[in-house]
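Good morning, and thank you for joining. Please look at the sequence and the structure on the screen before I begin.

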Amino acid sequence: MEKAEVYVERTLALIKPDAIDKADEIEETILRSGFTIIQRRRVCLSPEVCSDIYAAHYGKMFFPSLTAFMSSGTSVAMVIARDKAIAHWNELIGPADSVKAKETHPGSLRALYGTDELRNAVHGSETFSAAEREIRFIFPDASIDPIDIRQSAMSYLSKNVIPTLLSGLTELCKEKPIDAITWLADWLIANNPNKPSIHVDE
C-alpha cells in the first residue's frame, strides 16, 4: 500500500482596505490557525490588478464597485501556507456576505471584521489555479508549487541526523555496553555536531 504524499499548499490572502486597521489581529488569527506567512507586503492595488484578481466576477452588477473599493486604499497581501491551505483559508474567512457570515459562521473573519458583501474584510483564492494566478499578480517571483513535507523531512534527516546516528550505532556495537540506551544517549550528547564549541582564553 502506497503512502499518501503530504504537501504544504500555498494560497493568497488579502486583508482588504476596510479591515486594514485590524491587520495585526487578522495575521495573529492566521498564525494561530496553523498557517505560515511566506511572503507579506502592503499594497495599493490598481483597478487593473483588481480586475484581474476578480476576473471570475466580470460582468456582474457589483464588479465595478468591487474593483473601485479594492483600489481605494491600502491592502495587506500575503502568501500563506499549510496543508490544504485553500480549503482551510476559505473555511476561516467564511461566506462572502458578512451579514450572512455573522449568522452562519460567527467566528469567521468576515463575520468578525466585515460589514457586507463588498466590504467583507478579506479575500481568499477559491481554487488552486486561482491561487496560482492571483499570487503571480502581486508576488510575480513567488513559487506556488506545493512543498512535499515528506521529501523535505527525508532530505533533512539524511543530511543532519543519519550520519551522526550511524556513527553512534557503530561505536555502540564495538563497545557492547550493558545499558545500550543510556550509553548511546551519552555518546550522542558528547558527539552532537551542532553543539557549540566553547573556547576559554588562558
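**A contact, a helix and a pocket**

The side chains of Thr 104 and His 105 make a polar contact at 2.8 Å; such a contact is a pair of N or O atoms within 3.5 Å, within protein one able to donate a hydrogen and the other to accept it, and residues adjacent in sequence count only if both atoms are side-chain atoms. This is a predicted model, in which local features need pLDDT of at least 70 and side-chain atom pairs count only at pLDDT 80 or more, while totals for chains, interfaces and linings use all residues. Residues are numbered from 1 along each chain as its sequence is written, and side-chain values use heavy atoms, with hydrogens and water left out.

Thr 104 belongs to helix H5, residues 98-104 (helices are DSSP runs of H or I, at least four residues, and strands runs of E, at least two, numbered from the N terminus).

I turn to helix H1. In H1, residues 23-32, the buried residues are Ala 23, Ile 26, Glu 27, Thr 29 and Ile 30 (buried means under 20% relative accessible area, exposed over 50%, with a 1.4 Å probe and protein chains only). Viewed down the axis of H1, these buried residues fall within an arc of 155 degrees, so they line one face of the helix; the arc is that of the directions from the helix axis to the C-beta atoms. Asp 24 and Arg 32, on the other side of H1, are exposed. Gly 34 follows H1 and has a positive phi, near 95 degrees.
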